[in-house]
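Let's take a walk through this model together, one contact at a time. Have the viewer open and follow along.

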Amino acid sequence: MPNEIAFCLIAAPTAAFAVAAMTLRRLVHCALCAAAAFAGLAMLYLQLDAEFVGFAQLLVYVGAIAILIVFAILLTSGDEVRTGSSQFSPAWLAGLAVAVLLLAALALALLLSPSLHRLAPSAAAAPVKQIGQELMTRYVLPLEMIGILLTGALLGAVVIAMRDEPEVKPPASKRADPKETTSLP
Amino acid sequence: MNTPLSHYLLFSALLFGIGFAGAVARRSAILVLIGIELMLNAANLNFIAFWRYGPVAGALTGVMFVLFSIAIAAAEAAVGLALIIAIYRLRKTVQVDRLDTLKG
Amino acid sequence: MNALDQIFVSLQRALAGLAPVPARPLLAMILNIAGLMAVFGTCFALTTILERKILGRMQNRFGPNRVGPCGLFQPLADGIKMLIKEDIVPFSADKTLHFLAPLALTVPVWLAFAVLPFGRNMSAVELDAGILFFFAIGSASELAVFMAGWSSQNKYSLLGAMRAIAQMISYEVPLVLAGVPVLMAAGSLSLPDIVQAQSGFVLGCVPRWNVFTPWGLAGFTLFLIAAAAESNRCPFDLPEGESELIAGYLTEYSGFKYALFFLGEYLGLFAVTGLAVTLFLGGWQAPAAWLDWLPSWGWFAAKFSALIFLFIWVRATLPRLRLDQLLMFAWKFLVPLALVNLFVAAVWWKWPAPLTARWLVCAALLAAPYVWLGRTWNGPTSQERHYHYAE
Amino acid sequence: MARVVQYLWLVPAFPLLMAGWGAFLRRDRRRTAAALAISGVAVSWLLSIVAFLTSLGARPIRQTWSFNWLDLAVFSVPLGWVLDPLTAIMLLMVSFLSLLIFIYSLGYMARDGNFTRFFCFMSLFAAAMLGLVIANSLLLLFICWELVGLSSYLLIGFWFEKPAAAAAAKKAFITTRLGDLGLLLGMLWLYSQSGTLLFYDHGRGCLEQSALARLAAGTTLGGMAVSTAISLLIFAGAVGKSGQVPLHVWLPDAMEGPTPVSALIHAATMVAAGVFLVARAYPLMSAGLHPAALQVVTWVGAVTALGAAAVAVAQNDIKRIIAYSTISQLGYMMLGLGTGGVAVGMFHLITHAFFKSLLFLGAGSVIHACHGEQDIRNMGGLKKLMPWTFATYAAGMMALCGVPLFFSGFWSKDDILRAAWSWPVSVVPFVLGVAGAFLTAFYMTRQVSWVFLGQPAGPASAARESPPVMTVPLLILAVFAVFAGFLGTPVWPWFHCYLNGERTPLEPAALVAAPQLTLLLLSAIIVGLAFFLGWRIYANVTWQSSRQTDPLELSLPALFRLLQNKFFIDEFYAATVVRLNAAFSRLADWLDRVVWQGVVDALARLALLGARFSRAFDESAINAGFDAGCDDLRSAGGFLSRAQNGRIQRYLRLAGLGISLLVLALIWGCA
């Protein structure tokens with residue numbers, strides 16, 4: 001059962017990091033734990049022979065999204081310092097109850113499903129070449145759409161987060177004369 | 001490869017529950033976002049597991065779905081965090097229970 | 001293949017063969033890891049001393065020359081000094097993260113070496129998506145930098161870390177984009193395959209290395225520039241710019257942790273240099289058919305050393321950039337050029353014209369945007385600076 | 001030639017591209033806008049020349065190319081282009097005139113702030129008009145027809161800050177829309193009957209033998225042939241677009257637009273689109289043994305020709321006179337089409353396009369020089385001040401009047417009158433046409449006398465000759481206005497033969513054949529008489545004040561008033577159509593206020609009652625449910641609105657709860 005051991009070795013810390021990410025008090029710790037959980041998931045993908053997806057997960061989640069989150073935390077950190085109040089929302093108990101209910105429902109559904117003990121077929125590798133081929137043939141339209149979506153999201157994010165320009169701009173004639181701004185006594 | 005499929009599915013459900021709990025119980029919008037990302041990841045794990053344990057080995061649908069899902073998650077995170085920053089700039093807070101201007 | 005070429009491979013096999021059968025793969029892996037760490041650890045030590053020596057020569061001074069013959073034991077002395085120095089942790093620091101940050105930086109960098117082919121049959125792991133692994137692992141070091149900067153609870157550290165992250169994210173884009181044409185050419189993400197695709201000779205004498213094509217040359221240049229920035233080398237070392245930020249995110253580190261950061265930085269440089277060799281300089285391939293008798297790892301080492309020397313040379317030559325220049329350089333110059341390069345590579349491969357015509361057209365396609373971007377890029381920044389003096 | 005047909009779409013494509021490009025230009029990029037527009041139509045013109053040359057002597061004379069525009073499972077809608085002499089000559093004329101008028105506009109619109117918008121619209125118009133000409137499908141033709149109408153609307157209302165211009169644009173759009181409704185109905189009927197909207201499709205098109213035979217055979221309401229009914233509906237569209245009676249009222253008002261627009265759209269091309277449509281659909285119009293549709297065309301044309309000419313006699317606005325003249329000439333074209341066939345009507349269309357745009361551009365030059373003055377009573381003596389304009393204007397005027405032998409209008413009008421003379425049904429259209437010709441010469445003499453003759457006086461005395469960018473197009477047009485007629489003389493009827501794809505015989509004897517000679521002499525006498533009369537009445541009028549009375553008004557006040565008020569048709573419409581509409585609106589308003597509002601009120605009250613009841617129920621039920629300590633919770637409505645408290649986590653919680661319950665329900669259902 002080396003596989004099951006490997007699974008447990010990966011899954012247990014991943015779950016632990018996920019729990020930590022959702023419960024720690026300091027936001028930066030939460031973000032870093034989330035990054036660790038994402039990395040753990042990437043390992044799980046690798047364990048499931050999805051090499052390409054695993055690396056993509058690592059690249060996108062740890063390399064990009066975690067960094068973004070960290071930046072966002074730093075840019076909004078005044079909140080954390082100023083309020084000093086509880087990090088949990090007033091109705092957190094209700095939320096937790098719903099989450100447990102949800103988990104129970106999902107688990108129940110899973111435990112009752114017939115495909116529960118299905119074992120993996122022996123050979124199911126996704127060679128990178130095949131993924132590339134599929135992306136360029138069968139999935140080429142979704143790929144293009146993703147490209148457009150990402151471009152749009154990039155521009156949108158920049159526009160949303162951009163600080164508004166001050167309304168008063170220096171008149172054009174003044175800009176043309178650099179001396180005026182530099183030669184102040 | 002003899003780990004049964006149920007392990008992955010249960011683990012994914014657990015991860016989903018954790019993410020959900022975080023998303024509904026934390027006050028910071030950023031943590032809500034992280035919770036949602038965790039839920040998304042749990043779904044991705046399901047896809048990969050179903051692909052791996054699926055009857056047709058050559059069908060890459062699960063893998064493709066996850067690849068696209070990751071790309072969309074990147075877009076979502078970028079826009080979401082930009083929104084959070086914009087909200088912070090406007091309201092000086094990112095605590096979701098204070099952002100209730102849309103009260104009915 | 002001759003014995004000399006495969007000497008390390010055979011050695012590893014022989015040693016692993018000593019173990020009982022079930023443990024053999026594990027032992028083989030450990031041997032790989034040990035070999036890598038030994039070679040590049042030594043390499044790190046040598047590079048520190050050589051860098052100081054070479055910089056000394058270039059700056060008309062001696063460099064370290066007190067410890068051992070010609071000062072060659074200087075790294076040893078430095079190591080001992082680092083080990084026995086007091087490990088200072090600031091009072092208000094986040095102790096856990098402060099402790100973890102150097103590890104988080106160094107470990108992924110070590111991992112990156114796993115996929116590089118150092119010689120024929122000499123890569124620790126042969127991954128199908130090797131280069132993706134390389135970049136994915138590399139992106140983890142950004143978080144480590146952030147951990148270091150944030151946990152120190154020091155504004156210089158934090159600013160330095162933010163600068164470093166901004167710089168690394170920005171330069172990762174041209175770095176990857178510069179490498180993409182190579183992947184297109186080889187049709188594979190596996191690094192040994194990429195090396196293999198560069199074997200053979202054009203016109204009988206010019207090796208089929210990517211650097212000898214217009215897009216390869218441009219890609220190589222872009223790659224080196226981005227690599228220098230990615231590993232915080234001069235002239236892009238302003239996250240640690242001591243004149244502005246003391247030492248950036250390293251400010252609150254001392255002793256062995258500092259040494260680990262130092263190690264991580266140099267190893268990052270080594271890894272990305274090794275990747276440059278693999279992608280553009282034909283990896284371990286010999287530059288001429290009659291030089292094939294030299295071992296493949298020897299060629300790799302030679303190319304590697306040459307590039308390291310180039311980095312040192314650049315460090316001695318160029319002044320440091322300003323942060324806005326740095327970022328603008330990445331987004332407004334390197335990224336567009338890398339995209340153009342991608343297009344040119346497509347033209348190169350899809351256009352069935354004679355070699356000379358392809359060369360000329362592709363070179364022109366690259367030169368035109370280079371000149372244009374170079375002219376427009378520099379313009380507005382130098383004009384729009386405003387100086388405000390105290391009144 | 002097949003190649004040329006296939007790429008015929010390039011002709012309208014270039015102006016369309018330029019219009020699209022121009023739409024994105026900044027307002028101050030005037031040079032770019034003009035350069036774009038002019039280069040667009042210049043390319044179109046060159047391509048048109050190519051198309052024309054290929055159509056010369058080509059066998060077969062008609063080439064088509066079509067493609068499936070809309071391919072649904074059950075049917076497909078093909079569109080296509082056709083290249084035949086009709087298309088080729090129209091293409092050449094439209095693109096050439098567009099080019100000249102675009103260049104002229106450079107000078108005329110030089111001071112206008114919305115220069116770029118103007119050229120954008122003009123390019124759009126040129127594209128639509130060229131597309132209309134090449135269309136081989138009634139659907140494509142209709143699309144372009146509407147686009148032409150749209151650009152006409154935009155350009156009439158170009159100075160929309162003037163209330164008159166805005167109103168005129170609206171009037172033009174709505175009035176032509178009435179006719180277009182007929183065209184649309186005719187198109188739908190045609191499609192339902194023939195199953196295709198392609199004109200020519202290798203024997204399967206709706207204008208080809210088999211379809212026509214079927215259409216002519218079927219009968220509809222009152223024993224009318226289906227083909228006749230469809231033709232009449234299509235003709236309704238032509239009536240609207242070409243300003244025929246009774247839908248002519250928009251065209252004079254359309255003169256509120258800039259003068260180049262009037263010249264290009266409301267004289268030379270767009271209004272001729274109706275004539276072109278009739279010409280294009282001529283096989284359909286003339287299908288069957290008794291082509292009643294053509295009789296309608298003839299009568300409408302004849303009445304329009306005379307009526308509009310009569311109205312023109314009593315107008316004082318320089319552009320309005322020419323506008324009524326345009327209506328009248330369009331009536332002649334219809335008359336020619338109805339009595340003599342395609343070639344007769346089209347020939348007049350082409351010659352008219354040249355001399356009428358020349359007249360408009362000349363009038364524009366005058367207006368430009370007089371700083372916007374348009375009342376001919378305030379002008380005078382411009383002959384000396386603006387010699388070039390006068391010379392070209394005179395050439396255009398003589399062409400319009402049909403001065404014998406040397407001016408193009410003579411030959412084409414002569415053609416029409418000859419055809420009307422030999423029309424077997426009735427001689428009245430001929431008489432109407434001759435009377436119209438007399439009036440035409442008279443009102444043009446009147447106008448030229450007021451404007452150019454006499455002494456410079458009044459506001460016009462400071463006028464200066466226009467810049468070369470305006471006079472050079474005038475000169476070019478003048479050359480064509482004079483000489484275009486020689487393409488279709490009885491001696492050498494090249495135009496007619498070209499349209500029919502025949503070789504052109506040279507018959508000098510035809511000029512002195514019996515009916516021809518009679519008509520020639522008749523024309524000469526009529527024109528001479530009209531010139532003499534006009535000169536007698538108006539040559540000695542000098543400028544006294546801006547509101548002086550016309551000499552004709554003094555002698556025939558009642559008739560003059562009738563004409564000056566355009567037979568009171570606008571008033572008639574205002575009294576009937578508009579009033580009916582207003583009454584209908586009032587009825588709708590009343591219905592809305594009284595009936596519907598009552599219903600709505602009642603419903604609202606009902607809902608309110610229900611809500612009150614529900615609230616009372618909720619209050620009591622919920623208050624009963626809680627203990628006495630929290631009796632002041634919320635009212636029922638407040639309770640519901642609390643669900644939306646703006647707190648996202650609550651929504652998320654509810655969503656999670658819902659999903660859990662759904663999952664549990666599913667499990668329960670499956671188990």
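Against which helices do the buried residues of α28(D) pack? Keep in mind as we go that this is a predicted model. The partners of those buried residues lie in other chains: α5 (92–112) of chain A together with α1 (5–25) of chain B. The buried residues themselves are Gln649(D), Arg650(D), Leu652(D), Arg653(D), Gly656(D) and Ser660(D). Helix α28 of chain D covers residues 648–670, and its 23 residues should span 33 Å at 1.5 Å a residue; the end C-alpha atoms are 33 Å apart, so the expected and computed spans agree.

Stay in chain D for another helix, α4, at residues 85–108. From first C-alpha to last, its 24 residues reach 34 Å, close to the 34 Å expected at 1.5 Å a residue. Helix α4(D) is mostly covered, with 22 of its 24 residues buried.

Now turn to chains A and B. Their contact takes 73 residues from chain A and 63 residues from chain B. On the chain A side, several helices supply at least two residues each, including α1 (2–23), α2 (27–47), α5 and α7 (140–161). The largest share comes from α3(A), which gives 11 residues to the side that touches chain B. By type, the chain A residues on this side divide into 58 nonpolar, 10 polar and five charged.

Chain A also meets chain C, where 19 residues of chain A are in contact with 21 residues of chain C. Here α2, α3 and α9 (178–182) of chain A each supply at least two residues. Once again α3(A) gives the most to its side, this time with 10 residues. The chain A residues that touch chain C comprise 15 nonpolar, three polar and one charged.

Finally, look inside chain C at a pair of helices, α6 (residues 140–151) and α7 (residues 155–186). How do they lie against each other? Their axes come within 7 Å and cross at roughly 165°. Angles over 145 degrees count as roughly antiparallel, and therefore α6(C) is roughly antiparallel to α7(C). The crossing of these two helices is left-handed. Among the residues that make the contact are Val145(C), Phe146(C) and Trp150(C) of α6(C), and Leu158(C), Ile165(C) and Met168(C) of α7(C). Taken by type, the residues of this contact are 11 nonpolar, three polar and one charged.

Terms used. Residues are numbered from 1 along each chain as its sequence is written. Chains are lettered from A and ligands numbered from 1 in the order in which they are written. This is a predicted model: local features need pLDDT of at least 70, side-chain atom pairs count only at pLDDT 80 or more; totals for chains, interfaces and linings use all residues. Helices (H or I, at least four residues) and strands (E, at least two) are DSSP runs, numbered from the N terminus. The expected span of a helix is 1.5 Å times one less than its number of residues. A residue is buried if 20 or more other C-beta atoms lie within 10 Å of its own, exposed if 12 or fewer, and partly exposed in between; C-beta atoms are placed from the backbone. Two residues are in contact if their C-beta atoms, placed from the backbone, lie within 7 Å. Ala, Val, Leu, Ile, Met, Phe, Trp, Tyr, Cys and Pro count as nonpolar, Asp, Glu, Lys and Arg as charged, and the others, Gly among them, as polar. Axes are lines fitted to C-alpha atoms, for helices over the stretch in contact, and angles run from 0 to 180 degrees between N-to-C directions. Angles under 35 degrees count as roughly parallel, over 145 as roughly antiparallel, 65 to 115 as roughly perpendicular and the rest as oblique. A crossing is left-handed if the near helix is turned anticlockwise from the far one by less than a right angle, and right-handed if clockwise.
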